[in-house]
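The following note was prepared for a colleague who wishes to examine the model directly. It takes the salt bridges and the sheet in turn.

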Amino acid sequence: MRIWALSDLHLSFGVPNKTMDPFGPEWKDHAAKIKTSWDGQVSPEDLVLIPGDISWAMRLAEAMPDLQWIHERPGTKVIIKGNHDYWWGSLKKVREALPRSIHAIQNDAICFGDIAIGGAKLTDSPEYTFDQIIECKPNPKARED
């Protein structure tokens with residue numbers, strides 16, 4: 001397993017009027033460029049970390065085409081809310097809506113084998129502190145896919 005990280009996707013399949021095109025010619029068709037590179041390099045066994053700014057959507061329903069697009073890419077994905085992810089309301093609703101290859105973290109952690117991935121703001125929180133070492137144990141609440 002390899003671990004990849006890719007942030008600031010700013011996908012807009014659910015809100016096609018909000019594209020990255022105004023930010024310069026290099027952004028034209030950026031999702032197609034990402035798809036080509038992702039599909040060509042990431043294997044199904046890999047872990048892909050997506051730390052925020054996933055979609056330009058304002059509501060979860062509008063973000064679903066973007067999340068489906070991510071799901072269709074190889075690998076297991078872990079997402080965390082970015083400052084532009086206005087569609088991300090309650091963590092419970094987000095987790096319930098996610099396709100099976102995508103896992104959301106927010107002030108908590110998830111384990112893949114002996115690898116722990118934690119997600120929090122740059123400050124400690126009551127749920128997650130940087131002073132702790134996370135020991136990966138089987139999660140009884142983990143989804144069985």
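**Note on salt bridges and sheet arrangement**

1. Asp108 has a relative accessibility of 22% and is therefore classed as partly exposed, since burial requires a value under 20%. Please bear in mind that the model under discussion is predicted.

2. The salt-bridge partner of Asp108 is Arg95, with an N to O distance of 2.5 Å between the side chains. This contact links distant parts of the chain, as Asp108 belongs to strand S5 (residues 108–112) and Arg95 to helix H3 (residues 91–97), 13 residues apart. Arg95 is likewise partly exposed, at a relative accessible area of 32%.

3. Salt bridges with shared partners unite Lys35, Asp39 and Arg73 in one network. Within it, the closest N and O atoms of Lys35 and Asp39 are 3.5 Å apart. These two residues are four positions apart in helix H1 (residues 30–41), so about one helical turn separates them. Both are partly exposed: Asp39 has a relative accessible area of 31%, and Lys35 one of 36%.

4. The other contact of Asp39 in this network is a salt bridge to Arg73, at 2.7 Å from N to O. Because Arg73 sits in the loop between H2 and S3 while Asp39 is in helix H1, the pair ties together parts 34 residues apart in sequence. Arg73 counts as buried, at 6% relative accessibility. In total, the model contains six salt bridges.

5. The sheet is open and consists of four strands in the order S1-S2-S3-S4, with parallel pairing. Strand S1 (3–5) and S4 are its edge strands, each pairing on one side only. On average, neighbouring strands are turned by 20° against each other, direction ignored.

6. Which strands flank S3 in the sheet order? They are S2 and S4. Strand S2 (residues 47–51) pairs with S3 in the parallel sense over five bridges, and Val78 of S3 is the bridge partner of Leu49. The chain passes from S2 through helix H2 (residues 60–71) to S3, forming a right-handed β-α-β crossover.

7. Towards S4 (residues 102–104), S3 forms three bridges, again in the parallel sense. Here Ile79 stands opposite Ala104 of S4.

8. Why may S3 be described as largely enclosed by the rest of the structure? Four of the five residues of this strand (residues 76–80) are buried, which supports that description.

Note on methods: Residues are numbered from 1 along each chain as its sequence is written. This is a predicted model: local features need pLDDT of at least 70, side-chain atom pairs count only at pLDDT 80 or more; totals for chains, interfaces and linings use all residues. Side-chain values use heavy atoms; hydrogens and water are left out. Buried means under 20% relative accessible area, exposed over 50%, partly exposed in between (1.4 Å probe, protein chains only). Two strands pair if DSSP finds at least two bridges between them. A crossover is right-handed if, with the strands pointing away from the viewer, the path from the first strand over the helix to the second runs clockwise. Axes are lines fitted to C-alpha atoms, for helices over the stretch in contact, and angles run from 0 to 180 degrees between N-to-C directions. A salt bridge is a side-chain nitrogen of Lys or Arg within 4 Å of a carboxyl oxygen of Asp or Glu.
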